[in-house]
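Subject: Structure for your files

Hello,

Here is the structure I said I would pass on. My notes on it follow below.

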Amino acid sequence: SKENLNELVNAYINQLPNPSNIKYMISLDEEVLLMGSVEAFSTEVPVSISFEPIVQDNGDIILQANSMSLGLLRLPEDRILQYVSSRVELPDWITINPKEEHIYVALTQMELKSNFRVKAQQIDLENDIISFRIKVPNKTLGL
């Protein structure tokens, strides 16, 4: 469910190295919403970016930007994504592409301690239909 995925994604985000001047979280509703704040001129400025998740044939996900704002300003999406990309340390399997105005989430490249492999199958947030394929190697099960 969206609620389960919200908890999982935000728990992962909380484990990432985070610059002291940027705070953010993900919320899944009708779309994927990245909400946070950046410190500028001794003030916290809210950042909001909404994305449409698009499952790729290989099981990865593209988060295509729909709208963005920095404070009360509506800035060009590529500028905000470029700013986020330069300030947030992300794992190798997540790539921010400001020019294409999207974030590529290469789930198939994600390293998990259990050696599980994850692929997205369907993400339909409006109808709360979210499915992933998880491959468990025989060695992990002791077979």
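Glutamate 52 sits in strand E3, which covers residues 43-55. In this predicted model, the residue has a relative accessible area of 42%, so Glu52 falls in the partly exposed class. Glu52 belongs to a surface patch of negative charge, together with Asp29, Glu30, Glu31 and Glu126.

Another member of that patch, aspartate 29, is placed in the loop that joins strand E1 (22-28) to strand E2 (32-40). Aspartate 29 is also partly exposed, at 46% relative accessible area. Its C-alpha atom is 8.9 Å from that of glutamate 3, with the two positions 26 residues apart along the chain counted as their separation.

Strand E3 also holds proline 53. Is proline 53 buried or exposed? Its relative accessibility is 13%, and the cut-off for buried is under 20%, so proline 53 counts as buried. Proline 53 has a distant partner in sequence: glutamine 122 is 69 residues away along the chain, while the C-alpha atoms of the two are 9.5 Å apart.

After E3 comes the loop that leads to strand E4 (61-70), and aspartate 57 is found there. Aspartate 57 has a relative accessible area of 88%, so this residue is exposed. From C-alpha to C-alpha, aspartate 57 and glutamine 121 are 8.4 Å apart, although 64 residues separate them in sequence.

On the overall layout: the chain contains two helices and eight strands. Their order along the sequence is α-β-β-β-β-α-β-β-β-β. Of the 143 residues in the chain, 35% are buried.

Next, the aromatic side chains. How many aromatic pairs are there? The count is one. The pair is formed by tyrosine 12 and tryptophan 93, whose ring centres are 5.8 Å apart; the planes meet at 55 degrees, so the arrangement is classed as tilted. Tyrosine 12 belongs to helix H1 (residues 2-15), whereas tryptophan 93 is in the loop between helix H2 (77-87) and strand E5 (94-97), so the contact ties together parts of the chain 81 residues apart in sequence. Tyrosine 12 is partly exposed at 33% relative accessibility, while tryptophan 93, at 12%, is buried.

Last, the backbone. Two residues to look at are glutamate 101 and aspartate 128.

- Glutamate 101 has a phi near 55 degrees, which is positive although the residue is not glycine. Glutamate 101 is in the loop between E5 and strand E6 (102-105), and with a relative accessible area of 27% the residue is partly exposed.
- Aspartate 128 has a positive phi as well, near 55 degrees, and is likewise a residue other than glycine. Aspartate 128 is in the loop between strand E7 (117-124) and strand E8 (129-135), and its relative accessible area of 37% makes the residue partly exposed.

Regards

How values were computed: Residues numbered from 1 in each chain as written. Predicted model: local features only at pLDDT ≥ 70, side-chain atom pairs only at ≥ 80, totals over all residues. Heavy atoms only, no water. Patch = residues over 30% accessible without salt bridge, like charges linked within 9 Å, V, L, I, M, F, W, Y side chains within 5 Å. Areas by Shrake-Rupley, 256 points an atom, 1.4 Å probe, with all protein chains shown as cover. Salt bridge = Lys/Arg side-chain N within 4 Å of Asp/Glu carboxyl O. Lys, Arg positive; Asp, Glu negative; His and termini not counted. Charge placed at Lys NZ, Arg CZ, Asp CG, Glu CD. Helix = DSSP H or I, 4+ residues; strand = E, 2+ residues; numbered from the N terminus. Buried < 20%, exposed > 50% of the residue type's maximum accessible area, 1.4 Å probe, protein only. Phe/Tyr/Trp six-rings, centres within 6.5 Å; stacked < 30°, edge-to-face > 60°.
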